Amino acid sequence: MSDQKSAKAMGPTGNLQMKVVKGDFGYVLEDVPHLCDYLSDLPTYPNPLQFNPAYSVVKQYFVNVDDTVAQKIVVHTDSPRGTHFRRAGPRQKVYFDSDEVHACIVTCGGLCPGLNTVIREIVCGLYHMYGVNKVLGIDGGYKGFYARNTIDLTPKVVNDIHKRGGTILGTSRGGHDTSKIVDSIQDRGINQVYIIGGDGTQKGAAVIYEEIRRRGLKVSVAGIPKTIDNDIPVIDRSFGFDTAVEEAQRAINAAHVEAESIENGIGVVKLMGRYSGFIAMYATLASRDVDCCLIPESPFYLEGRGGLFEYIEKRLKENGHMVIVIAEGAGQDLLSESLQSMNQQDASGNKLLKDVGLWISQRIKVSLATFSLCFFIHHITRSFSCS
């Protein structure tokens, strides 16, 4: 990049929201905040991996400081270079000496397959790869920083936790006090904070970082995105997604068995997916028993030519049964205005979605009253807690 121009998008309070670096030919880098943004002349240290025999023999193991990942893979010859993101991976220089690192890990929000595996890999990576021997587990989510006990995490403690469901650290939603959290971080001498959670959790992590920056503390905050829905741009797959698809296929299989065992049987399987239908779509492709898959990305309508009711009637006449898979966020715009007016939120600030599975089942019964329908409804909307 030549003639780089750096801009900082400022929020209404003047806090740093995002760093943007612009280069030639339409290159735009949406960068992540860094300690160097507010602490100048920080000393650097050789990455301990350089001296680890398991990694030192690998050529070009370290990520170049200028490496970025393009947001859009498919472009045209006359397209601008577009938006890029900082590439993750080990650097040759680090900003913490291993002996001075005091790390902590916290899990927040709903459960997701693989949480314990992530905890285990962070602990083992810090110990075995970087020589860090002080890692705390925060018990009970964000509130645990000031309201609960901590857990000393070592490779021995986390050795078998990947075989268990849930999270050994416990979790909670919302309601945390940012000032108290940073007070606890400061009092305990913590300088690396690993935060595992979804949208609300990462918003909280950004606020915690802002308070740390305001106080001028040498504390690094790393957000690890947790979503079973696989709706994170750029990355290939979010942890927990594969398990969700596997479990969803069991429900689809059960719905299919029950539906085909009776005349005009309809199996309705509602799966997780607030704003994206990856679980529903992948489970549908894997099962081969699904007649109709409804996802938030593809709007649909019920009545009239080409509508859902017409398709259901056609399939029942052809096969005598069918299976419908619907993501929990699909068809929310079709619910009645009276239900939509109940704009409720959960503790993390997420909009509470209406039960589209039950609603669509009732609508099908009313619309296809001439059929003697039998419904088998399978709801999988909670986070899977299996490993």
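## Overall make-up

The protein chain contains 10 helices and 16 strands, and the model that shows them is a predicted one. Of the 387 residues of the protein chain, 43% count as buried. When contacts with a separation of 6 or more are considered, residues 24 or more positions apart account for 72% of them in the protein chain.

## Helices H4 and H5

One pair of helices to look at is H4, which covers residues 178-188, and H5, which covers residues 199-215; their axes come within 10 Å and cross at roughly 60°. Because of that angle, H4 counts as oblique to H5, and the crossing in which H4 passes H5 is right-handed.

Which residues make the contact between H4 and H5? From H4 the contact is made by Thr-178, Ser-179, Ile-181, Val-182, Asp-183, Ile-185 and Gln-186, while H5 brings Val-207, Ile-208, Glu-211, Ile-212 and Arg-215. Sorted by class, the contact of H4 with H5 has six nonpolar residues, together with three polar and three charged residues.

## Helices H6 and H7

A second pair is formed by H6, residues 241-260, and H7, residues 278-287, whose axes come within 9 Å and cross at roughly 55°. This angle is the reason why H6 is described as oblique to H7, and H6 passes H7 in a right-handed crossing.

On the H6 side, Phe-241, Ala-244, Val-245, Ala-248, Gln-249 and Ile-252 take part, and they meet Phe-278, Ile-279, Tyr-282, Ala-283, Thr-284, Ala-286 and Ser-287 in H7. The residues of this contact of H6 with H7 divide into 10 nonpolar and three polar, with no charged residue among them, whereas the contact of H4 with H5 has three charged residues.

## Strand S13 and its partner

Is strand S13, which runs over residues 265-271, mostly covered or mostly uncovered? Strand S13 is mostly covered, since seven of its seven residues are buried. The covering applies to both faces of S13: on one side Gly-265, Gly-267, Val-269 and Leu-271 are buried, and on the other side Ile-266, Val-268 and Lys-270 are buried as well.

Strand S13 also pairs with strand S15, residues 321-327, and the two run in the parallel sense over seven bridges. Within this pairing, Gly-265, which is one of the buried residues of S13, stands opposite His-321 in S15.

Definitions and conventions
Residues are numbered from 1 along each chain as its sequence is written. This is a predicted model: local features need pLDDT of at least 70, side-chain atom pairs count only at pLDDT 80 or more; totals for chains, interfaces and linings use all residues. Side-chain values use heavy atoms; hydrogens and water are left out. Axes are lines fitted to C-alpha atoms, for helices over the stretch in contact, and angles run from 0 to 180 degrees between N-to-C directions. Helices (H or I, at least four residues) and strands (E, at least two) are DSSP runs, numbered from the N terminus. Angles under 35 degrees count as roughly parallel, over 145 as roughly antiparallel, 65 to 115 as roughly perpendicular and the rest as oblique. A crossing is left-handed if the near helix is turned anticlockwise from the far one by less than a right angle, and right-handed if clockwise. Contact means heavy atoms within 4.5 Å. Ala, Val, Leu, Ile, Met, Phe, Trp, Tyr, Cys and Pro count as nonpolar, Asp, Glu, Lys and Arg as charged, and the others, Gly among them, as polar. Buried means under 20% relative accessible area, exposed over 50%, partly exposed in between (1.4 Å probe, protein chains only). Two strands pair if DSSP finds at least two bridges between them.
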